[in-house]
Every structure is written in C-alpha cells, then in structure tokens.
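Okay, thanks for making room for me in the meeting. Let me put the model up, and then I'll walk you through a few parts of it.

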Amino acid sequence: MNYITTIGLEVHVQLKTESKMFCACPVMYGAEPNENTCPTCLGLPGALPVLNGGAIEKTILAGIMLDCETPPVSKWDRKNYFYPDMPKNYQISQFDLPLCIGGGVSLYDHCYPKDFQKSIMSSGKVVGLTRIHLEEDVAKSTHSESGTTIDFNRAGTPLMEIVSEPEIDSPEEAFAYLNSLRQVLIYGDLSDADMEKGQMRCDVNVSVRPPDQDELGVKIELKNMWIFNFDFLGFFAILRDFGSILGSPGPSKNS
Ligand SMILES: [Zn+2]
C-alpha cells in the first residue's frame with residue numbers, strides 16, 4: 001500500500017547581525033571559545049538586556065518577503081528550562097504574539113532534487129507558514145569522554161524560527177522548501193544560511209497514514225537536525241517504508 005506522508009518543518013535561522021540579541025557582544029564565527037561574552041549573555045545576576053533593533057528589522061523583512069502579516073503589537077516571553085547551556089534558566093522567546101503570522105514559502109521548480117524536477121506533481125505550490133518569531137540562541141555544549149565543555153559565544157545570538165503548516169507532502173517537497181527558503185534568506189541578506197556552520201537548522205515533524213484515513217498518523221518529532229549532514233531524501237524514504245507501522249489507525253501519539 002502507498003502511504004501518505006505529511007511533513008511540517010520548524011527552521012531555525014541565525015540572523016546576520018553584528019551583535020547579539022540583547023547585548024553588544026559581536027556575532028562572529030570561529031572566535032576563541034567564550035571570547036565574545038558579557039554579563040548579559042552569560043546570564044549573570046543583575047545584567048540588563050537591551051534589544052537589538054536590527055534583528056527585529058530583519059525578522060520583519062523576512063515576514064514581508066514571505067507574505068506574512070506583521071502585527072503592530074508583539075511581545076517577549078520567558079521559556080523556562082534547566083540546562084547548562086542557558087545559565088539564567090530561561091530563554092527569551094515569543095509565545096502568543098510573534099512578529100510575523102501566516103504567509104508561505106513558494107516552492108521553486110529549480111529547488112527540487114535535480115532528478116525529480118521533470119516529475120513535480122504540483123508546480124508553483126506554496127507551503128503555508130504558521131508564524132515567524134525571534135528568540136535568543138543557547139550556548140554550544142561539546143560532549144567528550146572526559147566531560148562536557150560549553151562555549152557561550154553562540155549564547156544570545158538572534159535566532160529566527162520559521163514554522164510551517166503540515167502541508168509538505170513528500171521528501172522532495174521538504175527538500176524544495178528548505179532550498180527555496182534558503183534562497184529567500186540569502187537574497188534578503190537576512191542570514192548567510194550556511195548549513196555547515198549550523199546557521200540553518202530544523203526540527204522535523206513527520207507522519208504517514210493510509211490513503212483511506214483522514215486523520216494524521218503518529219507524529220514523529222526530530223529536534224535540531226543540522227541539514228548539511230542530513231540526507232532528507234534517504235531519511236523520508238525509510239519512514240515511508242515503515243508506513244505500515246507509523247500509519248496505523250487510532251489516536252495520534254507523539255514519540
Ligand atoms: Zn554579551
């Protein structure tokens with residue numbers, strides 16, 4: 001039986017700004033560990049965050065380029081969690097009033113895998129967006145046999161999150177979505193979107209279901225995939241092979 005695949009993507013993009021989201025530390029790839037830090041991005045008591053207006057402008061510009069609404073009122077929220085890469089124990093993010101709402105990503109024909117371009121099912125498809133919001137990135141943990149080290153150079157850098165609707169129907173469309181989105185980000189000078197440097201990473205939500213079933217199948221969430229070392233097509237092909245398990249009827253449960 002052929003199963004229907006449904007994919008939603010949450011893409012995290014490091015914005016191309018000179019300084020961090022809430023302090024004046026430079027955003028720079030390849031600096032010595034913990035070189036670009038200050039009391040604010042180290043989460044020290046008494047530090048006072050100051051908003052980076054350039055990051056807001058770039059996020060709004062992303063919203064305009066992707067045909068989103070940009071509401072006049074937006075706000076910040078605390079997302080609490082306990083983890084060594086975020087010593088103040090909360091991340092500054094946006095919950096119910098994000099900077100951009102709706103919109104969509106047009107899937108350009110040339111952004112599909114080359115051997116698939118002659119058999120595109122729905123040329124000109126637009127994948128809807130739920131929202132775009134802004135948050136601060138966390139520090140980078142490196143685990144080894146002797147222990148874990150933490151580099152705070154990345155802590156507090158502006159991170160834009162672009163959330164799609166579950167409207168991506170195949171691995172090839174997911175590939176085209178990411179490629180098309182990357183081109184918009186680079187064209188607008190919003191990000192270098194260099195996947196090898198982790199400037200564009202994504203969470204994948206995928207489910208498969210039998211053709212005669214309306215409700216989505218069991219949703220699998222995969223967090224923080226670095227796209228450059230990630231074989232999307234191979235990965236989703238494997239998921240489709242397991243469709244008989246994942247697409248079994250019954251209430252969806254996350255795994
Ligand atoms: Zn700082």
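I'll start with one residue, Q117: leaving out anything up to four places away in sequence, Q117 touches D109 and Y112. By touching I mean contact, with the two C-beta atoms, placed from the backbone, within 7 Å.

Two housekeeping points. Numbering starts from 1 along each chain, following the sequence as written. And this is a predicted model, where local features need pLDDT of at least 70, side-chain atom pairs count only at pLDDT 80 or more, and totals for chains, interfaces and linings use all residues.

Back to Q117, which sits in the loop between β5 (104-106) and β6 (126-136). Helices and strands here are DSSP runs numbered from the N terminus, H or I of at least four residues for a helix and E of at least two for a strand. Is Q117 buried or exposed? Neither, really: Q117 is partly exposed, because 14 other C-beta atoms lie within 10 Å. The cut-offs are 20 or more other C-beta atoms within 10 Å for buried, 12 or fewer for exposed, and partly exposed in between, again with C-beta atoms placed from the backbone. Q117 and E172 are 55 residues apart in sequence, yet 9.4 Å apart in space, C-alpha to C-alpha.

E172 takes us to helix α2, residues 171-187. α2 has 17 residues and reaches 24 Å from first C-alpha to last, close to the 24 Å expected at 1.5 Å a residue; that expected span is 1.5 Å times one less than the number of residues. α2 is mostly covered, with 12 of its 17 residues buried, among them E172, F175, Y177 and L181. Just after α2, D189 takes a positive phi of about 55 degrees.

Now compare helix α1, residues 53-65. Its end C-alpha atoms are 18 Å apart, which agrees with what 13 residues should span at 1.5 Å a residue. Which residues of α1 are buried? They are A55, K58, T59, A62 and G63. They cover an arc of only 145 degrees around the axis, so they sit on the same side of α1; the arc is taken from the directions from the helix axis to the C-beta atoms. G53 and I64, on the other side of α1, are exposed. The buried residues pack against β4 (100-101), β6 and β9 (158-164). Here too there's a positive phi, about 65 degrees, at D67 just after α1.

Next, the core. The largest nonpolar core has 45 residues, and L9, V13, I132, M160 and Y177 have the most contacts inside it. A nonpolar core is a set of buried Ala, Val, Leu, Ile, Met, Phe, Trp, Tyr and Cys residues joined through C-beta atoms within 7 Å. α2 gives the largest share of this core, seven residues. As for I132, its contacts include T59, A62 and G63, along with M160.

For contrast, look at strand β8, residues 147-151. None of its five residues is buried, so β8 lies largely in the open. β7 (140-144) pairs with β8 in the antiparallel sense over five bridges, where pairing needs at least two DSSP bridges between the strands. The two form a hairpin with two residues between them, and S144 stands opposite G147.

Last, the whole protein: four helices and 11 strands, with buried residues making up 34% of the 255.
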